[in-house]
Amino acid sequence: MKQSASFSGNEVESVSLDFSELRERGLEYIQKLSGDVWTDYNSHDPGVTILEQLCYALTDIAYRTSLPVNDLLIPGEKLPVDAKRNAFFSPSAIFSSHPVTIQDYRKMIIDHFEEIQNVWITTKGDKGYQEELRGLNEVEILPRLSFLNIFKSDSERRDSFFNEVNTFLNENRNLGEKFVAAKILEPQFIQIEFDIHINENANLDETLAGVFLKLFEYVYCPVQSSSYTEMVEEEMSMEEIFAGPRLKRGFIKGEIPNKRLNVIQVDELQKLISKVEGINQCKVYCIDYEGNKLPKIFAGKGKFFHLLVDDDSESSAEKRFDSIYSNMNVFVKQKRHSSVNKQKINHLFLETWAKKFRGYSLEISGEDFFRKKLNGKSRNLSRYFSVQKHFPVIYGIGEEGISKNEPVERHAKANQLKAYLMLAEQHLANHLSQLGNLNEFFNIDFENGQQKTYFSQRLSSVPGVENLLAENELFPESEFEPEHVFYDRKNRIYDHLLARFGEDLNDIPWQISLRLNLIKTENEFHRIVLRQKSEFLKQLENLSYNRTKGESLFLQNEEDVVRNPSGLEQIILAKTGIPSTGKKSLIPDFGGLDSDLSKYKEEIFEVKKDLETAYRPLHTSEINTWKTKPATGNIPNAMFGEIGNKKLFKETLNVENYRLSKSESDSENVRVIFQREPNKWVSLFECSDEENAVQNIFEIIDFFAEKNNQSEGFYLVDHIQLNDFLVSGYYGFCFLDEYGNPLVQTSENESWCLTEAERNNRVAAFFRDGMSENSWHPEGGKWVFKNDKGLIIASIDSKAEYFSDLLKQVNGLIQLFDNSKETNGRLRLREVEKIRLKGSMEARNRNFGQRRLVFQRKLFSGEIVSEDFFDLQVSLLLPDWPARFQEERFREYVKDVFLERIPAHLSNEILWLNVNEMKSFEKKYHAWEKLKAGQQNFEEPSDSLKKAAFEVYQELMKLKQNRK
């Protein structure tokens, strides 16, 4: 197996393990520092003895530090490394990804449903260069042979399977894509008449079983799975093995053939069977279908070739192969075998088939490698054994101590040496404590972890230590690691862990919240950022896997809508701190605020001195009290007057916008005013004393901070999810000029087509004959293009005298878009250069862009809809009134995250909505959301769902038009 790139702990600094080298370096330092104080540095010198003991302790610490990482991280005896706690992800979790390509989807579907033999997915793409509706995937399913009779006889089981597949596809679609209702292919029974000449030395039964295997592989297109061991034996790396979607029943190597078997020819069958080992010659005569003997046969629409006889009788299992035997002649030495052992041949074939196309339990074998890596040996790393126990007895600091008969001075000197050594030993013990708590050091669960990154321990192994310590604890935790140190180090730890996976989390959104008083203190800011990074790391497995996945909806208890958010939505939430919208509305509820305008009183202070004379700001001590003791109680009846939502949500958070009247006596009420505009203040309320007034101010600020939090959110609208109302209607097309104005279009009633194929034919006719002046006729103030049957295909709204210029434009369009022209490359380059030279914005504020061919749909109501609205497009809708959302820096940050993470092939637009716009949108969107979640018929949406989808479409179009 190829070795993946990784870090290694095998290479450690050799000096730390070399006692002699440590001793020599220590002596060098002593000589430099002591100068002429010492006369020699022999081993009998006490200073050298101390040095040697410390060097010995350092080698012990170095040895423990160089132990395998899994030994350092295990939490206890006979326990593996806690993978989730320390941000270790299994190969299947971190190397795999939600399906991106058609191959990925086919593998996932085949793996998920044991009823499926193979599946084919076709996508709609551009024919030529028109902007056709893309992102629609059609699925054709070939059921396993063992399920054919079940589906045939049990309609309930078939319908249940059909709904299960469609639900699964809907839940696993990609952003910008959608699966139309899956179709189960029906069997088309055929018979093959052929002669087989077998080598006389070959085993007859095994050879015929081999013929069956080759024939069935060709006709039924089975997909082979491999075990983890087989993939390793082929020297595939972990990245290669686990690339693609997570599978449960075996790895599917390589590419599954894209094209399903739609035609069988006699010559191909003859070559195929002739390659079987033991076959000398094969002669295929014909393929019999419904009594017609043909050299070539095509599969009908929605059908697959079937070789077996399906019968509902009890003996059908034994007779299913009879049609093959009855049309097959077997020859050995040019003599025909009148009979063969059918039972043995069938058994050999089925045994080989089952072995070759069996499944594997990847939940067991695929994770063994990862689980073994998590095993380690418990080393009791934190245990510290005092160096004082290794000193010669004469020092009197070991366990033997000093005789009681020794003078007090001798005891004091021994204790002084012990205390002196403990200064160094504390560092050694703390290093081991740090090493023993390494799994906690890298703990990504902030809420349930210890709130420290420095770990220490008492020197309990020092002999007689109780006589040296005045108190039970050396230092309080707060002194050992202050909060600001903890926040800084924990942040850097999380940044390191995120960087392992190419991720980062900028604290800009929370810095803005701190500045706006949405976060009250620096400590709260740090804790929120750490919690966000912790959650990011814990969810990293899903965030990484689902990065391209689209949103899905379903009903719970037949009433409640449950959203599985898209991967893009989840990453935006994780990186911005915006709360998930869920079921809530973003529209604020201002219950508790006084709306009686008759109480509204406004004061204007043109001179700052006048304001300062009558009113004072909040004192620093008052603000600090609020920050440490959150306000409680109901919001006072405050009157802000006629103030916009954006100002109300942002300016009410700023403590500098509040002033208290200066009271001349204790009996006088305190008035609180609020700065609504520069120099304009409004009287909010009055209180009996300053304490209540200040408390009420903070309750107002907390109230609007909560309202800001409730209003934060967004809607990520995947346009293709709204295309349900396009199921019915007429088909047309329209050429747009550089400014987006219609040039040539389907406008007359007779020009609209009933089918997509008919529209494609009319576009082809326009490309073929549109350059001819004879095809254009003035009619009703327009120029209309007619085909050779006199049917109007398209028209141009133009007067007769301008037609010659317009015809030149039409000729240019045809040459540009018709991909049959050899000059297309040069024309398209010229088109791009024209856009580059003109720029995106021309004079008179006109948008200048690319000429386009857009397909359109005309609904029965008469509404004309451009299909490009649903063509790989996503819209992000956000409220414009929350305080953070008003900050340009925050908006740019959200935009950067959105554009950085959205798949490159998707067009997108960000819309900031005011309260009225959001209210109108939410009403329609939530109504559609509930109907979409409860959708039962995937082939024909209900009328109510189509209506709801159309209303959301209209709302989005109105919002987009208002921004232009």
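Helices in these legends are DSSP runs of H or I, at least four residues long, numbered from the N terminus. The model shown is predicted.

**Figure 1. The whole chain holds 34 helices and 32 strands.** The protein chain has 964 residues, and 48% of them are buried. Its radius of gyration is 40 Å, while a compact globule with that many residues would have one near 30 Å. Along the principal axes, the C-alpha atoms fill a box of roughly 120 × 95 × 60 Å. Contacts often reach far along the sequence: of those between residues at least 6 apart, 73% join residues at least 24 apart. The accessible surface is about 50100 Å². Carbon and sulfur atoms contribute 48% of that surface.

**Figure 2. Helix α11 carries E268.** The helix spans residues 266–274. E268 has a relative accessible area of 38%, so it counts as partly exposed. V284 follows 16 residues further along or back in the chain from E268, and the two C-alpha atoms are 9.3 Å apart.

**Figure 3. Helix α26 carries L648.** This helix covers residues 645–651. Is L648 buried or exposed? It counts as buried, because its relative accessibility is 7% and the limit for a buried residue is under 20%. E230 is 418 residues from L648 along the chain. In space, their C-alpha atoms are separated by 65 Å.

**Figure 4. R134 and D871 form a salt bridge.** The N to O distance is 2.9 Å. The partners come from distant parts of the chain, 737 residues apart. R134 sits in the loop between β1 (116–123) and β2 (136–143). D871 sits in the loop between β30 (864–866) and β31 (873–879). Their surroundings can be compared by accessibility. R134 is partly exposed, at 28%. D871 is buried, at 5%.

**Figure 5. K389 and E399 pair within a loop.** Their side chains meet in a salt bridge of 3.3 Å, N to O. Both residues lie in the loop between α15 (362–373) and α16 (408–436). They are 10 residues apart. K389 has 27% relative accessibility and is therefore partly exposed. E399 reaches 61%, so it counts as exposed.

**Figure 6. K520 and D702 make a buried pair.** Which residue does K520 bridge to? The partner is D702, with the closest N and O atoms 2.9 Å apart. K520 belongs to the loop between α20 (508–515) and α21 (522–538). D702 belongs to helix α27, residues 690–711. The pair links distant parts of the chain, 182 residues apart. Both K520 and D702 are buried.

**Figure 7. Four residues share one salt-bridge network.** The members are E551, R563, E569 and E929. Salt bridges with shared partners join them. Across the structure, the count of salt bridges comes to 54.

**Figure 8. Charges in the protein chain number 126 positive and 150 negative.** How far apart are the mean positions of the positive and negative charges? They are separated by 4 Å. The charged pairs in the earlier views include R134 with D871, K389 with E399 and K520 with D702.

Terms used:
Residues are numbered from 1 along each chain as its sequence is written. This is a predicted model: local features need pLDDT of at least 70, side-chain atom pairs count only at pLDDT 80 or more; totals for chains, interfaces and linings use all residues. Side-chain values use heavy atoms; hydrogens and water are left out. Helices (H or I, at least four residues) and strands (E, at least two) are DSSP runs, numbered from the N terminus. The radius of gyration is taken over C-alpha atoms; the globule rule is 2.2 Å times the number of residues to the power 0.38. Buried means under 20% relative accessible area, exposed over 50%, partly exposed in between (1.4 Å probe, protein chains only). Contact means heavy atoms within 4.5 Å. Accessible areas come from the Shrake-Rupley method with a 1.4 Å probe; for residues, only the protein chains shown count as cover. Lys and Arg count as positive and Asp and Glu as negative; His and the chain ends are not counted. The place of a charge is taken as NZ of Lys, CZ of Arg, CG of Asp or CD of Glu.
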